[in-house]
Amino acid sequence: MKKKLTSLVLGGTLLIASALPASAATAEVATPKSVTPKFIGETWKAPAGLSNDEKVWGFLDHKKEALSLSGSLKDNLKIVSKQTDAASGTNHYRLKQYVKGIPVYGAEQTVHLDKSGNVTSYLGSLLADSEQEVANGVKAKISASDAIKTAIADTEKAVGKIGQQQKPAQAELTIYPLEGKNVLTYATEVNVLEPSPIRTRYFIDAVDGSIVKKYDLLDHAVGTGTGVLGDTKQFITTQSGSTFQLKDTTRGNGIETYSANNGSSLPGVLKTSTNNTNWTDRAAVDAHAYAEKVYDFYKTKFGRNSLDGNGKLIKSTVHYGQNYNNAFWNGVQIVYGDGDGVNFLAFSGDPDIIGHELTHAVTEYTAGLEYYGESGALNESISDIFGNTIQGTNWLLGDDIYTPGKPGDAIRSLSNPEQFNQPNHYSKRYTGTSDNGGVHTNSGINNKAFYLIAQGGTHYNVTVAGIGRDKAINIYYHALTYYLSPYSNFSNIRAAAVQSAVDLYGAGSAEAVSVGKAYDAVGVN
């Protein structure tokens with residue numbers, strides 16, 4: 001039977017910590033100090049007659065001293081995207097920093113204009129003039145292919161021979177700020193399914209070929225799942241001759257559902273049936289129907305066309321491995337294990353989980369929050385918040401499939417993070433290096449803030465007036481897509497959420513006040 005209480009436990013790849021070997025872990029998880037994000041929240045009225053591009057450059061030039069930059073900003077920064085939010089009439093620019101023509105990893109900035117064309121705020125990370133020296137120079141001595149080989153060799157040293165990469169292997173030359181110095185590196189990743197699912201990001205020194213840093217991007221929920229909850233649902237299929245396929249061609253570039261047939265090859269075999277009114281593969285039915293639900297949520301609520309905003313094909317595979325207690329987004333598709341029936345039911349049986357995992361893709365295509373430290377905790381929290389909201393039945397994550405023998409059990413709770421061993425206040429945050437710096441632990445702090453914004457309440461003697469889940473999720477989507485950048489931290493999510501509330505509901509609005517109060521309540525300044 002379906003459990004009465006709802007809870008969601010999964011994380012950024014799910015909600016639990018990664019299953020990569022210890023040798024693939026990293027001890028350094030904090031945001032590099034030289035690119036600590038900065039927020040400037042003052043209205044700047046540009047001279048009349050300027051285009052929006054000119055206003056952005058004018059504002060940045062006006063703030064050179066605050067940003068510790070000099071010289072021609074156009075030599076240092078490049079506009080990479082421009083977006084207009086029709087709901088608020090605001091315009092949002094995303095820029096990236098380059099040093100001597102080489103991009104600085106994670107050094108992205110967002111600049112925002114209100115409906116009157118005034119610049120309202122800046123949020124982002126960059127290297128100041130005094131911090132742009134590159135320790136190993138700006139001329140690579142190894143090739144991109146050499147860097148890829150190094151990353152593969154390191155992974156195979158830990159786990160043995162690996163299978164085919166799930167995404168074409170690429171290595172981008174980038175300046176990586178680390179521990180007070182900048183290193184010319186190639187950023188690459190190993191993304192394979194064999195001998196086990198692995199997605200590890202590597203930074204390889206572009207001069208001597210050494211590994212500068214690596215960290216895991218996959219997170220595994222240790223669960224078990226056999227079967228779904230017995231409910232009946234409708235979904236779109238495609239007829240091919242006398243058979244029907246789990247292929248929806250009505251949403252974006254499509255939604256397709258496959259089965260690995262308890263193997264490890266992806267995407268596996270497209271699910272088919274000769275009886276379109278009686279699909280019997282319950283895991284596949286839920287994966288397909290809930291992927292449609294997630295697509296519809298983002299499209300209807302925000303006008304977003306699939307995960308990348310451009311109609312990206314949503315591909316799901318069920319029955320991965322033998323009693324596999326996990327689900328994950330690998331940068332290409334979402335994958336579900338069947339679970340063991342004791343800790344988890346089939347992972348595709350909970351819309352919280354599917355919403356959580358697919359939101360990791362949305363984050364990857366928008367803010368790109370780095371998956372460690374505070375930015376990683378925000379990455380996890382965003383997936384929790386959206387996954388929980390898409391289902392919208394309570395404040396728990398993963399309750400539909402987690403420990404089916406324990407009614408009311410869940411992986412995480414937005415309303416009461418401490419119920420599942422997460423902090424509910426910044427003063428209680430985990431500061432160690434495990435789990436990429438506590439990405440699945442510290443997410444509870446931002447989850448609690450969202451709950452307070454939506455529902456209201458008194459927390460640590462601060463009373464927050466709830467504005468409702470609908471307005472709250474509007475604010476967080478606005479913040480995710482327009483304001484946040486790879487190294488954003490807890491202070492930045494506060495600034496981004498407050499400014500988003502101002503954009504959507506006005507300065508001094510009840511909504512903006514509630515957002516500020518909620519972050520006061522969880523100790524984030």
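E511 is buried in this predicted model. Its relative accessible area is 11%, which is below the 20% limit for a buried residue. E511 belongs to helix 12. Beyond its neighbours within four places in sequence, E511 contacts I467, K471, A501 and Y505. One of these, K471, lies in helix 10 and takes part in the contact of that helix with helix 11. Y505, in helix 11, belongs to that contact too, as does A501.

Helix 12 covers residues 510-521. With 12 residues at 1.5 Å a residue, helix 12 should span 16 Å. The C-alpha atoms at its ends are 16 Å apart, so the span agrees with expectation. E511 is accompanied in burial by A512, S514, V515, G516, A518, Y519 and A521. The buried residues of helix 12 pack against three helices, namely helix 9, helix 10 and helix 11 (490-505). They also pack against strand 21 (457-459) and strand 22 (462-464). Just after helix 12, the chain reaches G523, where phi is positive at about 80°.

Helix 10 is one of the packing partners of helix 12. It runs over residues 469-483 and contains 15 residues. From first C-alpha to last, helix 10 reaches 20 Å. That is close to the 21 Å expected at 1.5 Å a residue. Of its 15 residues, 13 are buried, so helix 10 is largely enclosed by the rest of the structure.

Two packed helices are described by the angle between their axes and the distance between the axes. For helix 10 and helix 11, the axes come within 8 Å and cross at roughly 115°. Helix 10 is therefore roughly perpendicular to helix 11. The crossing of helix 10 past helix 11 is right-handed. On the helix 10 side, the contact involves K471, N474, I475, Y476, H478, A479 and Y483. These residues meet I493, A496, A497, Q499, S500, A501, D503, L504 and Y505 of helix 11. By class, the contact holds 10 nonpolar, four polar and two charged residues.

S500 is a residue of helix 11. Its relative accessibility is 0%, so S500 counts as buried. With residues up to four places away in sequence left out, S500 touches I475, H478, A479 and Y483. These four residues are also listed on the helix 10 side of the contact with helix 11.

A second helix pair is formed by helix 7 (residues 373-391) and helix 9 (residues 443-455). Their axes are 8 Å apart and pack at an angle of about 40°. The two helices are therefore oblique to each other. Helix 7 passes helix 9 in a right-handed crossing. Helix 7 contributes A377, L378, E380, S381, D384, I385 and T389 to the contact. Helix 9 contributes S443, N446, N447 and F450. The contact comprises four nonpolar, five polar and two charged residues. Helix 9 is also among the elements that pack against the buried residues of helix 12.

Strand 21 and strand 22, two further partners of helix 12, are joined by a loop that includes Y460. Y460 is not a glycine, yet its phi is positive, near 50°. Its relative accessibility is 39%, so Y460 counts as partly exposed.

S68 also has a positive phi, of about 60°, although S68 is not a glycine. It lies in the loop between helix 2 (64-67) and helix 3 (73-76). At 38% relative accessibility, S68 counts as partly exposed. Another loop, between strand 13 (255-259) and strand 14 (269-270), contains P267. The peptide bond from L266 to P267 is cis, with omega near 5°.

I204 is located in strand 8 (residues 198-205). This residue is buried, with a relative accessible area of 0%. Leaving aside neighbours within four places in sequence, the contacts of I204 include I142, A147, T150, A151, L184 and T185. Y186, T188, G209, S210, I211 and V212 are also in contact with I204. L229 is 25 residues away from I204 in sequence. In space, the C-alpha atoms of I204 and L229 are 46 Å apart.

Terms used. Residues are numbered from 1 along each chain as its sequence is written. This is a predicted model: local features need pLDDT of at least 70, side-chain atom pairs count only at pLDDT 80 or more; totals for chains, interfaces and linings use all residues. Side-chain values use heavy atoms; hydrogens and water are left out. The expected span of a helix is 1.5 Å times one less than its number of residues. Buried means under 20% relative accessible area, exposed over 50%, partly exposed in between (1.4 Å probe, protein chains only). Axes are lines fitted to C-alpha atoms, for helices over the stretch in contact, and angles run from 0 to 180 degrees between N-to-C directions. Angles under 35 degrees count as roughly parallel, over 145 as roughly antiparallel, 65 to 115 as roughly perpendicular and the rest as oblique. A crossing is left-handed if the near helix is turned anticlockwise from the far one by less than a right angle, and right-handed if clockwise. Contact means heavy atoms within 4.5 Å. Ala, Val, Leu, Ile, Met, Phe, Trp, Tyr, Cys and Pro count as nonpolar, Asp, Glu, Lys and Arg as charged, and the others, Gly among them, as polar.
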